[in-house]
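Hello,

Here is the structure I promised to pass on to you. Please have a look at it first, and then read on for my notes.

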Amino acid sequence: MEHITDADLARLENAVILADEFSEKFSLFRHGFIPPEMRRFQFAAYAVYDVCSMRQREVFMLKLKQHTFKEIGEALGIGTSTAKVHWYRVLRKVSSVLV
């Protein structure tokens, strides 16, 4: 059985970082190909992202993955009601951009 050396570990960590960067860039490229009539939603998403706090974005992403407010609170180390407040504020920002 071969052991992983420090050099191997550094190369593996670098490969993971490069793979993550590639995946992110490819995702952005792929999502750029949307019909013209749908582009307003893409631009709205950018606008909402820019005005939301990091915590609001975290709650939003977890809620989109079907997590309950209790699960979100536990995952982020906040109360259930605080998670709901963040969700409410994100929804207000989304609705103001899409109107």
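A word on confidence before the details: pLDDT is the predictor's confidence in each residue, on a scale from 0 to 100. You will need it here, as this is a predicted model. The protein chain has an average pLDDT of 86, and 93% of its residues score at least 70. Among its elements, H4 has the highest mean pLDDT, 96, while helix H1 (residues 6-31) has the lowest, 80. As a general caution, predicted coordinates should not be read in detail where pLDDT is low.

I spent my time on helix H3, which spans residues 54-64. Its buried residues are Gln56, Arg57, Val59 and Leu62. What covers them? The cover for the buried residues of H3 includes helix H2 (39-51), helix H4 (69-76) and helix H5 (80-98). I looked at the packing against H5 and H4 in turn.

Let me begin with H3 and H5. Their axes are 9 Å apart, and the two helices pack at an angle of about 95 degrees. Because angles of 65 to 115 degrees count as roughly perpendicular, H3 is roughly perpendicular to H5. From H3, the contact uses Arg55, Gln56, Val59, Phe60 and Lys63; from H5, the partners are Ala83, His86, Trp87, Arg89, Val90 and Lys93. By class, the residues in this contact of H3 with H5 are five nonpolar, two polar and four charged.

One residue there deserves a closer look: His86, in helix H5. Is His86 buried or exposed? His86 counts as buried because its relative accessibility is 14%, and the cut-off for buried is under 20%. If you set aside the neighbours within four places in sequence, the contacts of His86 are Arg55, Gln56, Val59 and Ile78. Of these, Gln56 and Val59 are themselves among the buried residues of H3.

Next, H3 and H4. Here the axes come within 10 Å and cross at roughly 135 degrees, which makes H3 oblique to H4. The crossing of H3 past H4 is right-handed. On the H3 side you will find Arg55, Glu58, Val59, Leu62 and Lys63, and on the H4 side Phe69, Ile72, Ala75 and Leu76. This contact of H3 with H4 has six nonpolar and three charged residues, with no polar ones. Val59 appears in the contact with H4 as well as in the contact with H5.

H4 and H5 also pack against each other. Their axes come within 8 Å and cross at roughly 105 degrees, and H4 and H5 are therefore roughly perpendicular to each other. Phe69, Lys70, Ile72 and Gly73 of H4 meet Thr80, Ala83, Lys84 and Trp87 of H5. The classes in the contact of H4 with H5 are four nonpolar, two polar and two charged residues.

Finally, please look at the loop between H3 and H4, where Gln66 lies. What is the phi of Gln66? It is near 75 degrees, a positive value in a residue other than glycine. For context, most residues other than glycine have a negative phi. Gln66 is exposed, with a relative accessible area of 68%.

I would be glad to hear what you make of it.

Best wishes

Definitions and conventions. Residues numbered from 1 in each chain as written. Predicted model: local features only at pLDDT ≥ 70, side-chain atom pairs only at ≥ 80, totals over all residues. Heavy atoms only, no water. Buried < 20%, exposed > 50% of the residue type's maximum accessible area, 1.4 Å probe, protein only. Helix = DSSP H or I, 4+ residues; strand = E, 2+ residues; numbered from the N terminus. Contact = heavy atoms within 4.5 Å. Axes fitted to C-alpha atoms, helices over the stretch in contact; angles between N-to-C directions. Parallel < 35°, antiparallel > 145°, perpendicular 65-115°, else oblique. Nonpolar A, V, L, I, M, F, W, Y, C, P; charged D, E, K, R; others polar. Left-handed = near helix turned anticlockwise from the far one by under 90°.
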